[in-house]
Structures are given as C-alpha cells and as structure tokens.
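Student: Could you take me through one part of this protein up close? I'd like to look at the aromatic rings and what sits around them.

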Amino acid sequence: MHEDFFPHGIVILTGAGISKESGIDTFRDPDGLWSRVNLEDVATIEAWHRDKKKVLDFYNEARGLFRAAHVTPNAAHDALARLEKEYAGEVTIVTQNIDPLHEMAGSRNVLHMHGRDGEIRCMACSTVFTSEMDLSPDSVCPNCKAVGELRPNIVWFGEQPMHLDEIYAALDRCGLFIAIGTSGEVYPAAGFVLHVRRRARVRAVELNLGPTDNQSLFHEHIYGPATRIVPPYIERVLAGEWNRPEW
C-alpha cells in the first residue's frame with residue numbers, strides 16, 4: 001500500500017435511514033408524525049411567525065414521543081463510533097438527523113446540518129442553549145429576556161443548513177465519502193457526492209436500503225438495512241480494504 005493512500009480523511013453523510021431501526025420514523029413514513037400535518041404549517045419560519053403556538057406544540061409533542069420511546073443507538077451508529085475511535089485519520093459524521101444517536105453511541109466529531117433536538121435558539125439574540133423544556137409563545141429567553149422568541153434549534157424548510165463551511169472543508173480533505181440511509185433528494189446534502197467526485201482519488205460509497213437518484217455518482221453500492229450492511233463495511237474500512245491505489 002502506498003503511503004500517500006493512508007490515512008485519508010473520511011466523511012460520512014447519514015440520513016433518516018440510519019435511525020429508522022432505532023424506532024425513529026423517516027420523513028416519508030406514511031404513519032409517521034409528519035403525516036399528520038402540513039409541512040408548511042409547522043416547518044417554516046413563516047408558520048412560526050403566523051402561529052407560534054401551533055408550531056411549538058407540534059415540536060413539544062415530537063420531543064415527548066422521542067423521550068417516551070427510550071430510543072437508543074443501533075449497530076450502525078455503534079460501528080461509526082468505533083470507526084472514529086480506531087481509524088488513524090480524520091472521521092467526520094455529517095448528519096441530516098436531529099436526533100442525538102450518533103453522540104449516544106460515542107461519536108464526537110458530528111456536524112448536525114439540520115440542527116439538534118434538545119437545543120433551543122432565541123430569534124432575538126441568537127443565543128443557543130441546551131434544554132428539554134417545552135416551549136410556548138410565553139417562553140422567556142434566559143439570556144436577553146425576550147418573550148416569545150424561542151424556537152427549536154433546527155433548520156426549517158427554506159432556511160440555510162448549519163455548519164456548511166465546516167462540512168465542505170471536511171469534504172475537501174476526505175479520501176472516502178460514505179452516504180448512509182439518505183434519499184439523495186434533499187440539497188445541499190444530495191450534492192456532496194458530486195462535490196467530492198470532482199477531485200481525483202476520492203472514493204464514494206452508497207449504503208442504503210435501495211438505489212437513489214445519485215446512484216451513478218458512487219463507485220460502490222451496498223443495499224440493505226443499516227444495521228446489517230454498515231458494520232461489515234466499517235470492518236473493511238478499518239482493515240484498509242477500500243484503500244487501494246488501483247482506483
């Protein structure tokens with residue numbers, strides 16, 4: 001093995017598919033929480049300005065369901081945490097999920113591009129703080145004391161994803177890009193594979209339930225449930241089997 005092929009940075013993009021086996025409904029599940037509401041009514045900044053109580057009640061319910069379900073990381077989350085611990089190079093997880101399952105499994109270098117459950121943001125002073133409290137239009141910011149300006153620190157439709165500068169910097173350093181459990185339909189995340197493919201000697205691998213619209217952009221495709229396909233692929237990565245000069 002040539003020295004300049006090891007160790008590469010690794011970027012792993014995860015979507016709802018990696019958390020589904022932990023009991024968290026994916027965005028498109030017909031019986032999920034999202035199926036009960038119109039996204040325009042609860043997942044836009046316009047909706048929040050129009051009816052704060054309706055939006056906040058929805059997210060209060062969602063958080064309550066998550067806590068009541070006692071959701072825990074699955075084998076796919078555990079495998080990625082092991083990769084970060086044992087791999088000689090940089091490992092960055094970029095997740096579209098707001099759940100904390102990567103961190104619960106032990107991953108530390110995690111960028112939540114759509115925000116995080118359990119974080120609250122003040123629209124008046126931009127303070128972000130951790131709290132499990134339910135929000136209402138009467139909630140008071142602990143920093144600036146503004147009333148009715150607190151919202152979940154998650155990205156709504158039409159808003160800019162978080163950490164994009166850090167994400168693209170990591171993509172520019174990586175030699176392996178892995179997409180796990182993501183539909184390949186939501187941008188800018190869907191464009192990450194094209195971004196890395198513009199560089200030489202970057203390998204892109206898709207681990208998903210089935211093919212996505214971006215299938216042709218990946219060098220390798222492995223299909224099946226995340227708990228079944230992610231752990232053995234991580235074993236290959238740790239063994240250096242993906243890291244070959246012939247590609």
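**A close look at the aromatic rings**

Tutor: Sure, and keep in mind that this is a predicted model. To describe a pair of aromatic rings, you give the distance of the centres and the angle of the planes. Here the count comes to four aromatic pairs. Let's take Phe-58 and Tyr-59: their ring centres are 5.0 Å apart and the planes make an angle of 85°, an edge-to-face pair. Phe-58 and Tyr-59 are both buried.

Now follow Tyr-59 to another partner, Trp-156. Those two ring centres are 6.2 Å apart with the planes at 40°, so this pair is tilted; an edge-to-face pair would need an angle over 60 degrees, and a stacked one an angle under 30. Where do Tyr-59 and Trp-156 lie along the chain? Tyr-59 is in helix 3 (residues 52-68), while Trp-156 is in the loop between strand 6 (150-154) and helix 6 (164-173), so the pair ties together parts that are 97 residues apart in sequence. Like Tyr-59, Trp-156 is buried. Put the pairs together and you get a cluster of Phe-58, Tyr-59 and Trp-156, linked by their rings.

Trp-156 has a charged neighbour too: Arg-151 lies over the face of its ring, at 3.7 Å from the ring centre. You can find a similar arrangement at Trp-48, where Lys-52 lies over the ring face, 4.3 Å from the centre.

How values were computed: Residues are numbered from 1 along each chain as its sequence is written. This is a predicted model: local features need pLDDT of at least 70, side-chain atom pairs count only at pLDDT 80 or more; totals for chains, interfaces and linings use all residues. Side-chain values use heavy atoms; hydrogens and water are left out. Rings of Phe, Tyr and Trp (its six-membered ring) pair if their centres lie within 6.5 Å; planes under 30 degrees apart count as stacked, over 60 as edge-to-face and the rest as tilted. Buried means under 20% relative accessible area, exposed over 50%, partly exposed in between (1.4 Å probe, protein chains only). Helices (H or I, at least four residues) and strands (E, at least two) are DSSP runs, numbered from the N terminus. A charge sits over a ring if NZ of Lys or CZ of Arg is within 6 Å of the ring centre and within 35 degrees of the ring normal.
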